[in-house]
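Hi,

Here is the structure I said I would pass on to you. Have a look at it first, and then read my notes underneath.

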Amino acid sequence: MVSRVIPVAPFDLIVFGGTGDLARRKIIPALFRRYLAGQFEDGTRLIGAARAGLSPVEYRLFAKEALKEFSAEYDENSEGLEDFLNLLDYVPIDATGDDGWEELKTKTSTDRVQAFYFSVAPSLFGALAERLNSYEIAGSQARVVVEKPFGRDQETARALNATLAEHFDETQIYRIDHYLGKETVQNLMVLRFGNMMFEPLWNNHYIDHIQITVAETVGVGGRGAYYDKSGAMRDMVQNHLMQLLCLIAMEPPAIYDADALRDEKLKVIRALQPVAPHHIVRGQYEATDTAPGYREDAGNLRSFTESFVAMRCEIANWRWAGVPFYLRTGKKLRARTSEISIIFKALGHSIFEGDTTPHRNILSIRLQPNEGIDMTVTVKEPGPGGMRLIDVPLDLTFAEALREADAPEAYERLIMDVIRGNQTLFMRGDEVEAAWGWTDPIIEGWEARHDVPKQYVPGSSGPEDALMLLHRDGRRWRDIKA
Ligand code: NAD
């Protein structure tokens, strides 16, 4: 079910790479849902632009197939489907040549919001940006949307920023990190800054440590060759995990506004300490009798790229000094889950005789599956026989409590934010460069030392050494469970 929303004035959305994997799996289904929600007024134009020499009719067939495969709202005979498909247009275009640009110009108007989604390899960003201006296609309300990866280190990110800046102002550039589009991630900010009871405790006086886990059950599969050039650090930590860490650790911005928020996130990144090699564990999943290991999947039997990374990070500021942030992400782990857990300190003294367990409150924010928040509190175990204490979760699963089924998915929200000109949930150029500035020395250290990732059993929670990372500190990871 898709709930109705307030429509936005007619706009043009041009998806470069409109025949690609991301368009098929995410962008077209997201647009379909927003269309069904009644968000597009008459006159809105959705245009695919890619290398393939398709006609608009052929592109509609392509989009129909994409929706059939990836949209829960697909209904073969529905009017909504037909009307949406009829809205789609297509222009065959060469990003690095002249073909298609004059035609594209005739299909979009400079007097309205124009969103140019660069769903193509980053090596094409410069060529696209340049042509949008030299062909005078982009008007004053033009925006460009760029996907991850935004560079592979600080130098390349800086170069990409410089290229985009030649043609567009920072206020026109929307760098997507789809984690920020997730309902729970935004709720994390409301939880912190919209409630009285959390923020006073949100510091090193009351919090023992923080864990962020993003676990996947899939391997690198068909993306092996691409992934092998990046690894978990570049693919997940530098962007998604860092963004989550920033939202947990940042100071309250004075207002909920794009620059105020991004200024605060940037301060967190700048306060992140370099990570010592013994505070990081890298892993690669092994082969089993029935499934290939990481190296076979990557097509590189001598690969040193990590499919798992766990690390202990520290933020050097007054709020967080002495509170470790443990981050962990990997492929082929026990369950698919993304979770942030705030583990509060144990009580300094228990008045309950015989109660020797160090009870801790844990606030746990689940991003997937079953987006929701739960809080572990200590209560009395029911029944006679004195005061026995147990820890139980107070559960707030959004699907039940807040009709999560109606909530827009990450890509829907982010695309509509672009149309509305709201950059709050997008990364600013300096933020991305700073994030690379923190991860670069770590990656360079591995390369210089020829660091060999530890093997781990598929379906486990990663290499043994990752457990030790916390055991050494007298702590343990939360279980990876769906
Ligand atoms: P893809 O290879 O499936 O598609 C590439 C698209 O670019 C195609 O439509 C192709 O026609 C077009 N293209 C290539 N060269 C062109 C040229 N010279 N002129 C015009 N069009 C050209 O790629 P993808 O997986 O859809 O990824 C697109 C972008 O999104 C990449 O930057 C990728 O890193 C990023 N991304 C993808 C995913 C995903 O799940 N696929 C996830 C996150 C980010």
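Let me start with the ligand: one of its oxygen atoms sits 2.9 Å from a polar backbone atom of Leu-22. Bear in mind while you read that this is a predicted model.

Two other residues have similar entries on my list. Arg-25 brings a polar side-chain atom to 2.4 Å from an oxygen atom of the ligand. With Val-120 the backbone is involved, as an N or O atom of it lies 2.7 Å from a ligand oxygen. In total, 20 residues surround the ligand. Arg-25 and Val-120 are among the closest, together with Thr-19, Asp-21 and Ala-95.

Next, the residue that the database picks out. An unreviewed UniProt entry lists His-240 under "active site". Where is His-240 found? Look in helix 9, which covers residues 231–249. Is His-240 buried or exposed? Its relative accessibility is 2%, so it counts as buried. Leaving aside residues up to four places away in sequence, His-240 touches Lys-148, Asp-177, His-178, Tyr-179 and Asp-235. With Lys-148 there is also a polar contact, side chain to side chain, at 3.2 Å.

Helix 9 leads us on to the sheet. This is an open sheet of 9 strands with mixed pairing, and the order of the strands is 14-13-12-11-7-10-9-8-15. Why do strand 14 (389–397) and strand 15 (454–456) each have one side without a neighbour in the sheet? They stand at the edges and have a single partner strand each, so nothing in the sheet flanks the other side. On average, neighbouring strands here are turned by 20° against each other, if you ignore direction.

Within the sheet, try following strand 7 (residues 207–215) and strand 10 (residues 325–330), which pair in the parallel sense over 6 bridges. For one of the residues to click on, take Val-214, whose bridge partner in strand 10 is Thr-329.

Two helices that pack on this sheet are worth finding on your screen. Helix 7 (residues 183–193) touches strand 11 (337–344), strand 12 (362–368) and strand 13 (372–380), and its direction makes about 150° with that of strand 12. Helix 9, the one with His-240, touches strand 7, strand 9 (308–313), strand 10, strand 11 and strand 12. The direction of helix 9 makes about 145° with that of strand 10.

That's everything from me for now.

Cheers

How values were computed. Residues numbered from 1 in each chain as written. Predicted model: local features only at pLDDT ≥ 70, side-chain atom pairs only at ≥ 80, totals over all residues. Heavy atoms only, no water. UniProt positions renumbered as here; feature names shortened; annotations may be inferred. Helix = DSSP H or I, 4+ residues; strand = E, 2+ residues; numbered from the N terminus. Buried < 20%, exposed > 50% of the residue type's maximum accessible area, 1.4 Å probe, protein only. Contact = heavy atoms within 4.5 Å. Polar contact = N/O pair within 3.5 Å; in protein donor to acceptor, adjacent residues only side chain to side chain. Pairing = 2+ DSSP bridges. Axes fitted to C-alpha atoms, helices over the stretch in contact; angles between N-to-C directions. Near = heavy atom within 4 Å.
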